[in-house]
Amino acid sequence: MAAVPTIKKLDEAVVNRIAAGEVIQRPANALKEMIENSLDAKASSITVTVKSGGLKLLQIQDNGCGIRKEDMGIVCERFTTSKLTKFEDLSSIATYGFRGEALASISHVAHVTITTRTGESNCAFKASYSDGKLVPARPGLSADPKPCAGNKGTQITVEDLFYNVSTRRKALKSSGEEFAKIADVVSKYAIHNSGVAFTLKKQGENMADVRTTNGASILDNIRTIYGASVARELLEVSCDNQKYAFKMHGYISNANYSVKKLQFLLFINHRLVDSSALRKAIETLYEAYIPKNSHPFVYISLEIAPRNVDVNVHPTKHEVHFLHEDSIIEAIQKAFEEKLLGANSSRTYYTQTLLPGVPVTDTSTVADDGGQSNGGKLYAHQMVRTDSREQTLHAFLPPKNHATTSSVTNSDSQSSRTITQHEANNSADGEPNRSKTLTSTANITDESTLSVSNSSKSMDAGEKDFSDQPSGPKKPRLEENGDRIAKGQNKLTFHREIRLTSVLNLRKAIDSNEHQGMKELFEDHKFVGCVNRSLALVQHSTKLFLANVTTLSKELFYQVIMFKFGNFDFLKLSEPAPVYELAMLALDCEESGWTEEDGPKDELAAYIVNLLKGKAAMLLDYFSLEIDKEGHLLTLPLLLDGYIPNLNGLPLFVLRLATEVDWDTEEGCFRTFAQECSRFYAFKPDPFQRDENSTKDVDTEDPNAGKSLSFNKSWQWTVEHILFPAFRTGLIPPSRFSEDGTLLQIANLPDLYKVFERC
């Protein structure tokens, strides 16, 4: 007969380690607890540093109230907290922490070091912890907290997480996946806590993976973290229900936005939690608005009377229970549905009547790339680009194969023109063909040909389809506008096929002037660094080149204008700019070349306003440059994602549009306009913008000086991460680049070896 097992009390170390495994399941859980401690300490700045997905190093630093030296001895013991004194306090808890288990649990599965300083203390104190107790930093030293230099606030360093729980460590995913979970936690808390500046970066790297400012709004933080494509499609929703004692505020995506995985941010009483019932209700609601197997973006901040919420449900506090759950979810679902139904105007599509004299062709059948009819059925993926990630700069370049359509005679013109039609070139896996040629996801127009005369009247008219290109990030003076500005509705997702002979000729001239050797150089180059504000170093094979960034960007933008003709997104000025005042500013500049023989400046400025107002329809239709009836400049074209030109050149740009553009001929007009536009957009960094990590030109007497600059992208970042990737994928280098000094070879590795051999 088997012996009856005896019951005995577990060792305290075993108990604590088991409890720690319930609270700290992975690095992201540990970080969540520490972020909440920092927020409870009223921090306005939180910086997180990670190594190896948080397993090697997980460090958080804040500028909160700090920890008193007297409390450092027990801060990592279980059930020690400053936020709860008796059980009844749970009914009115207003802080994140209340059990006093987080730091204790972390110290049982990792090596913890705390450096902290209160506002009243003259210095900081540093201590090390293991299994909830103070331990010496090195053998032979005292375990008591040591005085040291430090800023107000607390820095907690967690090293070798799960070093003593090998099974838990092996069960974790790769360091990359663990870092992604950490970034998700930081991103969500950064969005909700708009008054706190969050920074997340990997150890040893200068570039932050997440960075927000404490002056940004919730919507600004969503735009910074999830992108402008999400932010511009969000609807603000709120609900205040006195019956069930709750308030709700949030942002939800409209019917134009969907992704493959639900982006769900739920905060209940400012605590990041999850609710499977609320998640399911939202998914069910959106099934009627977005395509099947796609999901919305949802951010909800729910405030419920603390007496109705039970936060002590799970060790990780990831789940909460609250009274009237079904009724509250139903009220939230109703508020969402009312907001979505009220946003139907964004789903309205507008069309334009055909131009006079343009024949209407039968579009019942659509030819595929091989010229064979597909039986008359037009599939959805041929009509609308449904994935914003499919479109790259390659899509704005002309195709290798052109199918020539029949020439059509315009009833108002003396001669006929031959029109070429671009074919959609798709790779075998359905992605756009990644060549320098134009790939079109759809050939959708009401007519198969378009005949245009040289008159300005025909140039002012055009088709009214708009491509669905992603917009760039918001800047201080400009903001993107995904909507059609003239009428306020959302842009259409059709890519307009431009078949004007003049534009095709200009595109052909770019292709025919390509320098193949330099094309290979740009496609395979490695960016080395910036020399100054106009020169940069690049490496190709064993050679080092000095590149003129201004000249390269000017050529790039000229080509983008040609290959993206008629399909630009908008950059909307935050305030309308009077063309008259811009012209007067330009005429006052020496660079304008104005003399008294040219006439009074006010008359010239008035002439410029009238000229551009007369061309407003054509400028808006073809170049997304809008000038209203009062002569105000409202928008500029978005030529490259994430790039905004230096607005100091805007007055001269307006002046040169009136004086340098050939408005008499069609091809000359498009060519000279593109030249002037590319000249304005060419990379010319603001001379008053300080360099990255520089402290020059900052007024040291002003405590706020340079604060905003530290969160802006530097001009070096723009050159490396926006311009040169565009040069690599989209630039067709002309032959003149090999002769005019745009690219200069300054070193060759084999030649350097010869020099070293002689030394």
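The exercises below, each with a worked solution, deal with the strands and helices of a predicted model.

**Exercise 1. The chain as a whole**

Find how many helices and strands the protein chain has, and what share of its residues counts as buried.

*Solution.* Begin with the secondary structure, which comes to 21 helices and 25 strands in the protein chain. Next, turn to accessibility: of the 759 residues of the chain, 48% count as buried. Finally, consider the contacts between residues with a separation of 6 or more, of which 71% are accounted for by residues 24 or more positions apart.

**Exercise 2. A hairpin of two strands**

Describe how strand β10 is joined to strand β11, and state which residue of β11 is the bridge partner of S238.

*Solution.* First locate the strands, since β10 covers residues 234-241 and β11 covers residues 246-253. The two run antiparallel and are joined by eight bridges. Within this pairing, S238 has H249 of β11 as its bridge partner. Then look at the connection, where four residues lie between the strands of the hairpin. In that turn, A245 has a positive phi of about 55 degrees.

**Exercise 3. An open sheet and the helices on it**

Work out in what order the strands of the open sheet that contains β21 are arranged, which of them are edge strands, and which helices pack on the sheet.

*Solution.* Step one is the order, which is β20-β21-β22-β25, so written for four strands with antiparallel pairing. Step two is the edges: β20 and β25 (743-748) each pair on one side only, and they are the edge strands. On average, neighbouring strands of this sheet are turned by 25 degrees against each other, if direction is ignored.

Step three brings in the helices. Helix α13, made of residues 516-524, packs on the sheet and touches β20, β21, β22 and β25, while its direction makes about 95 degrees with that of β21. Helix α20, made of residues 715-730, also packs on the sheet, where it touches β20, β21 and β22, and its direction makes about 150 degrees with that of β20.

Step four follows the pairs of strands. Between β20 (residues 526-530) and β21 (residues 535-540) there are four bridges, and the hairpin they form has four residues between the strands. Here F527 stands opposite V538, and C530 has A536 as its bridge partner in β21. Between β21 and β22 (residues 543-548) there are six bridges, again in the antiparallel sense. H540 stands opposite K543 of β22, and the hairpin has two residues between its strands, with S541 taking a positive phi near 60 degrees.

**Exercise 4. One residue of the sheet**

Decide whether Q539 counts as buried, partly exposed or exposed, and name the residues it is in contact with when its neighbours within four places in sequence are left aside.

*Solution.* Q539 is found in strand β21. Its relative accessibility is 36%, and because buried means under 20% and exposed means over 50%, Q539 counts as partly exposed. With the neighbours within four places left aside, Q539 is in contact with D524, H525, K526, V528 and L544. As for distance, the C-alpha atoms of Q539 and F527 are separated by 6.5 Å, although the two residues are 12 residues apart along the chain.

**Exercise 5. Two helix crossings**

Determine how helix α17 is placed against helix α19, and helix α16 against helix α18, and which residues make each contact.

*Solution.* Take α17 (residues 616-623) and α19 (residues 666-681) to begin with: their axes come within 13 Å and cross at roughly 70 degrees. Angles of 65 to 115 degrees count as roughly perpendicular, and therefore this description applies to α17 and α19. Their crossing is right-handed. On the side of α17 the contact involves M618, L619, Y622 and F623, which meet C669, F670 and F673 in α19. These residues divide into seven nonpolar, no polar and no charged.

Now take α16 (residues 601-614) and α18 (residues 650-659), whose axes come within 10 Å and cross at roughly 75 degrees. That angle makes α16 roughly perpendicular to α18. I608, L611 and L612 of α16 make the contact with V654, L655, L657 and A658 of α18. The residues of this contact divide into seven nonpolar, no polar and no charged.

How values were computed
Residues numbered from 1 in each chain as written. Predicted model: local features only at pLDDT ≥ 70, side-chain atom pairs only at ≥ 80, totals over all residues. Heavy atoms only, no water. Axes fitted to C-alpha atoms, helices over the stretch in contact; angles between N-to-C directions. Parallel < 35°, antiparallel > 145°, perpendicular 65-115°, else oblique. Left-handed = near helix turned anticlockwise from the far one by under 90°. Contact = heavy atoms within 4.5 Å. Nonpolar A, V, L, I, M, F, W, Y, C, P; charged D, E, K, R; others polar. Buried < 20%, exposed > 50% of the residue type's maximum accessible area, 1.4 Å probe, protein only.
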